[in-house]
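Work through these short exercises with the model open. Each task is followed by a stepwise solution.

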Amino acid sequence: MEWLSSLMTTDKAIKGALIIHGVALVGTVLLALDQWRSECETKPPQPKPQYITQDTEDALKLTTLDTLLGHYNHAIRETAVKIVCDRAVNDKDTFEQLLWGITRPNYDERLKNLRALAVITDPHSLDKLHTWKAYAALVRCLELSLDPDQEVLNNDDWDEYPLRDMTDKLCLMFISQLVGTFDCEKLIKAKFVEKWLSKQNWGTTEEERHQNLAAYLRSKTNRLAEIISCIRQSPAGREALQKCGLFPYPDTEESEADDDDTHLVERLSVLFPETLDVNSLDANHPTRVLLRSFQTTPGSEEQRDRNQRHREAMVLNDGSHPITSDDIIQRDPTSPP
C-alpha cells in the first residue's frame with residue numbers, strides 16, 4: 001500500500017503544479033492581450049494651439065473676412081471683428097474718411113460714422129484722435145447737432161445729459177476720454193467753447209449765465225461737466241470762457257485786498273500762535289477788518305518788533321535733567337535788535 005499512497009501524493013503535487021502553471025499561463029495571456037489592445041488602439045491626436053500672426057491677418061482678403069464675420073462660431077466672429085477694427089484704425093485713409101463723415105450735414109451719415117469710430121477705437125488707439133483735425137471734426141459734429149429749442153440749463157435737480165442726442169453723447173464721450181488722457185489745449189484751439197459750449201442755453205443775461213454754469217458744475221457729474229472742469233483749469237480755457245460770457249473776470253480790487261491780507265498774516269505769524277487762514281474769510285469779515293486796522297495803526301511796526309524781541313529766547317540743556325526756567329535765556333527787551 002506504500003506505492004499507492006506515494007502515487008496519490010505524487011498526483012496531488014502534479015495537479016497542484018498544473019493548476020499553478022495554468023493560472024500563470026492565463027494571467028500571462030491576459031496581460032499580453034491587454035498590452036496588444038493598448039498598442040492597437042488609435043487615439044485622436046491632440047490639437048496643437050495655433051496663433052494668428054500679423055502676416056496671417058494681412059493675408060486675409062476682404063471676402064474672407066466678410067465670410068468670417070457671418071460665421072456661427074462666436075470666437076471666430078470676434079476675431080474677425082478685431083482684425084477689421086485693427087485694419088481700419090491703422091489705415092490713414094479709412095480713419096480720415098470716418099472723420100470727414102462725422103462732419104456731413106446728413107444726420108444719419110454722421111451717426112453711422114460716429115458709431116464706426118466708437119467700434120474701432122479703444123484705449124490703446126485713442127491717440128489717433130488726439131490731433132487737431134480730429135478735434136475740429138468732433139466740434140463741427142457738435143455744432144451741426146445744436147438744438148435751437150433747448151431749455152435753460154438752470155435745474156440743479158435734473159440732469160439733461162441722458163436725454164441729449166446720440167451724436168452729442170458720442171462726441172462728448174470721445175472728448176471726455178481725450179481730455180482725461182491727454183489735455184484740453186487742442187480742444188480749446190478747435191474753438192469748442194466758442195462754437196458749441198457758449199451756444200448752450202445757459203441763460204439770457206451774463207450774470208445768469210455765470211450762475212447757471214457754476215451751478216451746473218456743482219450739481220452735475222456727467223461727461224459735459226468733466227470737460228468744462230478741465231477747461232476751467234487751463235488759462236487758455238478760462239480766457240475762452242470769459243470771452244464767451246461764461247466765466248466772470250477776476251475783480252482786481254478784491255484780488256489786491258486778498259494779497260495784502262495774505263502778506264499781512266505772513267508778517268504777523270510770529271505774533272500769533274494760531275494759524276490764520278485768510279483765504280477762508282470774507283472781505284468784510286471782522287478778522288480782516290481788524291488786520292487792516294492793525295496794518296494802518298501808527299507805531300504798529302515798532303510794537304511788532306518789541307513783541308518779537310520779547311518772544312526770542314534760547315534753551316540750553318545737555319539732557320541730564322529736565323528743562324527748567326534756569327535753562328531758558330531770554331533776550332533783553334531793551335537791547336537793540
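A contact means heavy atoms within 4.5 Å. The model is predicted: local features need pLDDT of at least 70, side-chain atom pairs count only at pLDDT 80 or more, and totals for chains, interfaces and linings use all residues. Residues are numbered from 1 along each chain as its sequence is written, and side-chain values use heavy atoms, without hydrogens and water.

**Exercise 1.** State what share of contacts between residues at least 6 apart in sequence joins residues at least 24 apart.

Solution. Take the contacts in the protein between residues at least 6 apart. Of these, 64% join residues at least 24 apart in sequence.

**Exercise 2.** Decide how many disulfides the protein has.

Solution. Step one: apply the rule, a pair of cysteine sulfur atoms within 2.5 Å. Step two: check Cys184. Its closest cysteine sulfur is in Cys230, 3.8 Å away, so the gap is too far for a bond. Step three: check Cys230. It is in no disulfide, and its nearest cysteine sulfur is that of Cys184. Result: zero disulfides.

**Exercise 3.** Classify Cys184, Cys230 and Val29 as buried, partly exposed or exposed.

Solution. Buried means under 20% relative accessible area, exposed over 50%, and partly exposed in between (1.4 Å probe, protein chains only). Cys184 has 4%, so Cys184 is buried. Cys230 has 18% and also counts as buried. Val29 has 39%, so Val29 is partly exposed.

**Exercise 4.** Find the share of buried residues in the protein.

Solution. Use the same cut-off, under 20%. Buried residues make up 28% of the 337 residues.
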